[in-house]
Amino acid sequence: MVWVDVVEPCESLMGGSVASRVLLREVANGEVCEAASGALPAPPAMPKLRVEGLAKQYGSVDALLPTDLTVASGEFLTVLGPSGSGKTTLLQLICGLTEPTAGRLLIDGVDHTATPVHHREIGVVFQNYALFPHLTVEENVAFPLQMRKLGRVELRAKVARALEMVSLDGLGGRFPRELSGGQQQRVALARCFVFEPALILMDEPLGALDRKLREAMQIEIKRLHRESGATIIFVTHDQEEALALSDRICLMNQARVEQIGAPREIYESPGSIFVAEFIGISNVLRGRVESAGVLTTADGAFEIPSSFGQPGHEAALVVRPEHLEIVPGNGLVAGRIVESVFGGAETRLLIMLPSGAVITARRSGGETEMHVGETVGLRWASDRARLIRC
Ligand code: ADP
Ligand code: MG
């Protein structure tokens with residue numbers, strides 16, 4: 001007797017969309033009888049956005065290579081990457097300011113590849129605020145509602161609420177030039193959130209602000225995201241900002257997605273040396289698999305799992321500073337402290353290995369102080385080192 005799971009399409013009770021029903025069928029003596037057909041499982045939530053093979057070329061330049069991406073409803077996705085990696089291009093393709101060379105784009109399951117920008121109902125916030133200089137704060141925030149022909153009473157109530165959300169109530173009569181950079185960015189946020197878009201794109205919105213203000217605005221954006229329930233795609237080149245804000249990070253490099261995952265996953269399991277070096281500090285020891293279980297580098301041979309790679313393969317050991325221990329004796333490799341950078345809660349030590357490579361270790365406040373010029377032994381737990389094929 002065998003139980004078989006059969007997935008059959010059927011009409012769901014929700015909005016007539018197609019769901020799947022799992023029927024358990026008993027197959028006995030060649031006879032099939034339906035034994036149970038339990039309650040309908042919840043249909044998989046429709047992603048807010050799907051990008052399929054989306055690409056953009058400018059002449060012979062690939063601004064974005066064919067890219068697939070799915071963003072869940074209510075998710076905070078950060079697109080992170082160095083300058084020129086295609087972040088803005090991806091965002092402009094999604095909001096419709098740029099036409100794709102190939103691929104398509106679905107919002108709530110509907111193909112919007114050819115929908116004009118003003119019909120996509122997407123909120124956008126740019127780095128340079130893009131406020132209207134001749135309009136007051138209130139008029140700037142009211143603009144998207146006027147475009148949607150909202151009645152006067154409702155419009156005034158929504159503008160007041162949006163200004164309150166970004167702590168600008170009382171400043172509605174001012175012109176943008178009468179505001180600080182941080183206040184102007186808040187106006188831009190209010191103008192975006194005021195029409196309650198379900199999908200919001202932000203292109204380096206905090207790039208022009210100083211560090212303190214940027215951190216305050218990060219908290220503000222997190223709160224706005226929580227309160228609005230909107231799906232947000234946020235572009236930055238600042239890895240700390242990405243780690244602090246995101247449900248997931250989409251890391252881009254040279255016009256393509258290099259890795260996508262939760263911040264912790266990307267930090268702890270970088271899939272490439274580029275990712276390891278872009279997110280946080282990484283110590284990278286490059287080498288070659290000499291024989292099964294041995295990686296030979298310019299700073300010595302290290303034990304690796306024997307199942308990793310074939311002899312001759314190029315690979316790198318990646319160890320985060322917090323996993324590097326300073327030990328008496330030579331440890332796995334010895335080096336000389338060449339710099340000690342005091343940072344309050346911890347001190348960063350730069351240690352030069354025999355090959356001349358400089359790696360970073362951390363000492364917390366309670367540990368014995370170490371000095372430039374000292375030679376130290378270093379070790380790491382094997383399960384804390386990540387091996388990456390080059
Ligand atoms: P990022 O936002 O990550 O800094 P962009 O998406 O702006 O990167 O740019 C990606 C690549 O596409 C860059 O090499 C850039 O020079 C090129 N590019 C972007 N826009 C244009 C354009 N309008 N014309 C020509 N090349 C462009
Ligand atoms: Mg950009």
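**A walk through a predicted protein model**

Of the 390 residues in this protein, 31% are buried. Keep in mind that what you're looking at is a predicted model. Its secondary structure comes to eight helices and 23 strands. Contacts often reach a long way along the chain: if you take those between residues at least 6 apart in sequence, 61% join residues at least 24 apart.

Before going further, let's check how far the model can be trusted. The mean pLDDT of the protein is 87, and 89% of the residues reach 70 or more. The start of the chain is another story: over residues 1-38, pLDDT stays under 50. For that stretch the model has 45 contacts beyond four places in sequence. Where pLDDT is low, the predicted coordinates shouldn't be read in detail. So let's move on to other parts of the chain.

Now for the inside. The largest nonpolar core has 84 residues, and Val141, Ala190 and Ile233 are the ones with the most contacts inside it. Which helix supplies the largest share of this core? That's α4, residues 181-193, with six residues. The core also draws on two domains, taking at least three residues from each of domain 2 (49-268) and domain 3 (281-389).

Let's zoom in on one of those well-connected residues, Val141, which is found in helix α2. Is Val141 buried or exposed? Val141 is buried, because 29 other C-beta atoms lie within 10 Å, and 20 would already be enough to count. Leaving aside neighbours within four places in sequence, Val141 is in contact with Val159, Ala162, Leu163, Val187, Ala190, Arg191 and Val194. Take Val194 from that list: Val141 and Val194 are 53 residues apart along the chain, yet their C-alpha atoms are separated by 7.0 Å.

Ala190 gives you the view from the other side. Not counting residues up to four places away in sequence, Ala190 touches Val141, Ala162, Leu163, Met165, Val166 and Leu168.

Step back to the whole of α2, which covers residues 137-147. Val141 has buried company there: Val137, Glu138, Asn140, Ala142 and Leu145 are buried in this helix too. The buried residues of α2 pack against two other helices, α3 (152-165) and α4. After α2 comes Lys149, which has a positive phi, near 55°.

For a contrast, try Ala72, which is found in the loop between β5 and β6 (76-80). Ala72 counts as partly exposed because it has 15 C-beta neighbours inside 10 Å. Beyond its neighbours within four places in sequence, Ala72 is in contact with Ala45, Pro47 and Lys48. How far apart are Ala72 and Ala45 in space? From C-alpha to C-alpha they are 7.9 Å apart, though 27 residues separate them in sequence.

Our last stop is ligand 1. Around this ligand you'll find Tyr58, Val61, Ala63, Gly81, Ser83, Gly84, Ser85, Gly86, Lys87, Thr88 and Thr89. Two elements give two or more residues to this shell: strand β5 (61-71) and helix α1 (87-95). Of the elements, α1 gives the most, with three residues. And what classes of residue make up the shell? Seven are polar, three are nonpolar and one is charged.

Methods
Residues are numbered from 1 along each chain as its sequence is written. Chains are lettered from A and ligands numbered from 1 in the order in which they are written. This is a predicted model: local features need pLDDT of at least 70, side-chain atom pairs count only at pLDDT 80 or more; totals for chains, interfaces and linings use all residues. A residue is near a molecule or strand if its C-beta atom, placed from the backbone, lies within 6 Å of it. Helices (H or I, at least four residues) and strands (E, at least two) are DSSP runs, numbered from the N terminus. Ala, Val, Leu, Ile, Met, Phe, Trp, Tyr, Cys and Pro count as nonpolar, Asp, Glu, Lys and Arg as charged, and the others, Gly among them, as polar. A residue is buried if 20 or more other C-beta atoms lie within 10 Å of its own, exposed if 12 or fewer, and partly exposed in between; C-beta atoms are placed from the backbone. Two residues are in contact if their C-beta atoms, placed from the backbone, lie within 7 Å. A nonpolar core is a set of buried Ala, Val, Leu, Ile, Met, Phe, Trp, Tyr and Cys residues joined through C-beta atoms within 7 Å. Domain bounds come from an automatic or database domain assignment. pLDDT is the predictor's confidence in each residue, from 0 to 100.
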